[in-house]
Protein chains: 2
Amino acid sequence: MSTSIAQVPIQRFHGEARVDFMDDLAIEEPLEIQLDVPGAGGPEPRSLSITMRTPGHDEELALGFLWTEGIIRGLGDLRQVGRTGCRANVVRVALQAHVAVDPQRLERHFYTTSSCGVCGKASIRALRTQSAYPPRPEGSGPFFPASLLHHLPERLRAAQAVFDATGGLHASALFDPSGACVVLREDVGRHNALDKVIGRALLDGLLPLEDHLLLVSGRASFELVQKASMAGLPFLGAVGAPSSLAVELAREAGMTLVGWLRDGRFNVYTGSWRLT
Amino acid sequence: MSTSIAQVPIQRFHGEARVDFMDDLAIEEPLEIQLDVPGAGGPEPRSLSITMRTPGHDEELALGFLWTEGIIRGLGDLRQVGRTGCRANVVRVALQAHVAVDPQRLERHFYTTSSCGVCGKASIRALRTQSAYPPRPEGSGPFFPASLLHHLPERLRAAQAVFDATGGLHASALFDPSGACVVLREDVGRHNALDKVIGRALLDGLLPLEDHLLLVSGRASFELVQKASMAGLPFLGAVGAPSSLAVELAREAGMTLVGWLRDGRFNVYTGSWRLT
């Protein structure tokens with residue numbers, strides 16, 4: 001956890017009184033994801049994205065980003081994943097020669113794609129990344145008892161070590177069909193936390209996550225639903241509110257979207273047939 | 001407010017009980033910012049950025065984005081700002097011929113810049129946008145009584161109409177030296193809410209905001225501090241926690257950064273001399 005927290009001296013005010021204090025901060029630093037594509041115009045790796053993230057699990061973040069952007073389709077697409085020398089804020093991913101990456105698409109599309117997956121894209125039409133999976137039909141499983149959902153927030157918080165110290169991080173957690181937490185990641189960026197979870201799932205051979213539940217600590221945006229959809233998830237729960245576009249995209253994908261999951265309550269925005 | 005809220009039918013669970021319910025959602029839709037630069041390679045306007053935002057105040061958002069990215073330096077740089085025909089999700093900004101925008105810089109830098117201002121930039125060195133203002137020296141004003149700060153959160157919430165309905169929006173509010181709220185904007189993206197405030201301030205001739213306070217509803221990230229710095233603000237308060245890089249950048253800029261501003265308390269992370 002030492003790469004996730006920084007200690008700084010602050011002054012704490014309560015009314016007019018002030019005291020000196022040491023406070024824990026969530027660390028935020030840029031991470032550059034470089035892509036080495038054979039035959040994509042020279043030997044130089046290309047800068048694909050820079051994201052402001054909390055250090056730790058950077059390879060997972062890079063892999064999750066590449067998966068949710070539709071650039072890789074499995075571990076077999078990878079040749080090498082790692083640091084470049086002593087540069088702590090760069091992860092370089094080398095692809096196998098067989099991976100078809102259209103250089104023009106990289107140039108026009110991915111080079112204007114931010115790690116948040118939607119900003120900077122060259123046209124509104126490009127916003128919806130093509131999912132590798134067809135929409136799930138209405139009435140399809142998996143199915144989850146409502147009682148299972150009520151336990152998830154406490155399990156999320158129990159595993160959220162850095163949030164407890166800093167109050168400054170988003171969390172994303174994957175649960176198996178029994179409600180056990182498989183992996184939890186925290187980050188200053190909510191999209192990064194989810195990319196790290198998906199990257200971990202890729203490394204563990206779990207993709208697509210057809211029977212799992214995902215819970216995010218904050219609000220559910222279009223972007224998070226899109227990433228969850230790209231990972232094949234049938235269920236996304238959020239502790240906070242969803243946006244209009246998040247609900248719309250979840251409905252199109254046949255995903256169950258739950259919001260305000262806390263204190264023994266939740267709202268089902270779409271896909272309510274999965275709750276038994 | 002009708003462009004900010006969507007009503008959807010949901011199912012609300014409390015324990016095992018479920019009831020049908022109409023819920024209010026914060027609207028999230030893409031906005032494309034197009035830039036028309038005279039002499040920058042043909043008559044076609046260029047797509048500068050796409051951001052997921054809550055509709056409303058879109059021209060302010062575009063102008064605030066252009067200001068905080070350092071592309072415009074005043075209203076005199078603008079030729080026209082507006083919609084293109086009936087396309088509700090596109091704002092086109094035409095610049096005056098005298099505005100020097102390096103086409104290569106646009107291509108290499110801004111085309112890879114997302115609306116969140118940091119993602120997608122082509123190199124980590126480019127992350128720190130050059131501020132138009134020198135750092136403020138230690139000990140410099142303006143100065144604010146601590147008692148003033150304690151009143152700001154309630155004034156923010158009182159003006160946060162959409163949040164109250166949806167629970168799904170970030171807010172950014174500008175206060176004058178007396179603590180009166182000058183402008184408040186809400187958005188699903190915290191950077192958009194701040195860009196809208198800065199765009200409004202530009203239109204009202206208030207930039208640089210040398211005597212004002214800015215309050216944001218959530219956490220303080222690097223990006224928000226950078227945008228505040230580009231607007232000349234001496235003071236940024238956040239209801240939530242700051243990140244390590246937010247504190248670092250605020251210290252470099254000589255800005256006062258306050259976090260956890262709520263319930264009669266706050267923490268001062270840097271620039272505490274401004275609090276009297």
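**Strand pairing, a helix kink and the largest pocket**

Trainee: Which residue of β8(B) is the bridge partner of Ser172(B)?

Mentor: In this predicted model, Ser172(B) has Arg185(B) as its bridge partner in β8(B).

Trainee: How do you know that β7(B) and β8(B) pair?

Mentor: Pairing requires at least two bridges between the strands. Strand β7, residues 170-175 of chain B, shares 6 bridges with β8(B), so the criterion is met. The sense is antiparallel. The two strands form a hairpin with 5 residues between them, and Gly179(B) in the turn has a positive phi of about 90°.

Trainee: What makes β8(B) mostly covered?

Mentor: A residue is buried when its relative accessible area is under 20%. In β8(B), residues 181-187, 5 of the 7 residues are buried, so the strand is described as mostly covered.

Trainee: Where does the kink in α3(A) lie?

Mentor: The kink lies at Leu152(A), shortly before the proline Pro153(A). The bend is the angle between axes fitted to the seven residues ending at a residue and the seven starting there; at Leu152(A) the kink is about 25°. Leu152(A) and Pro153(A) are among the buried residues of α3(A).

Trainee: What lines the largest pocket?

Mentor: The lining of the largest pocket has 35 residues, with Ser217(A), Arg219(A), Arg262(A), Arg219(B) and Arg262(B) nearest the centre. Helix α3 and strand β11 of chain A, and α3 and β11 of chain B, each supply at least two lining residues. The pocket holds about 990 Å³ of space.

Trainee: How many of the lining residues are charged?

Mentor: Asp, Glu, Lys and Arg count as charged, and the lining has 8 such residues, besides 15 nonpolar and 12 polar. Arg219(A), one of those nearest the centre, therefore belongs to the charged class.

Technical notes
Residues are numbered from 1 along each chain as its sequence is written. Chains are lettered from A and ligands numbered from 1 in the order in which they are written. This is a predicted model: local features need pLDDT of at least 70, side-chain atom pairs count only at pLDDT 80 or more; totals for chains, interfaces and linings use all residues. Side-chain values use heavy atoms; hydrogens and water are left out. Buried means under 20% relative accessible area, exposed over 50%, partly exposed in between (1.4 Å probe, protein chains only). Helices (H or I, at least four residues) and strands (E, at least two) are DSSP runs, numbered from the N terminus. On a 1 Å grid over the protein atoms alone, a cavity is a set of points where a 1.4 Å probe fits but cannot get out, and a pocket is an open set with protein on both sides within 12 Å along at least five of seven lines; lining residues have an atom within 4 Å of a point. Grid points are joined across faces, edges and corners, and a volume is the space filled by probe spheres set on the points.
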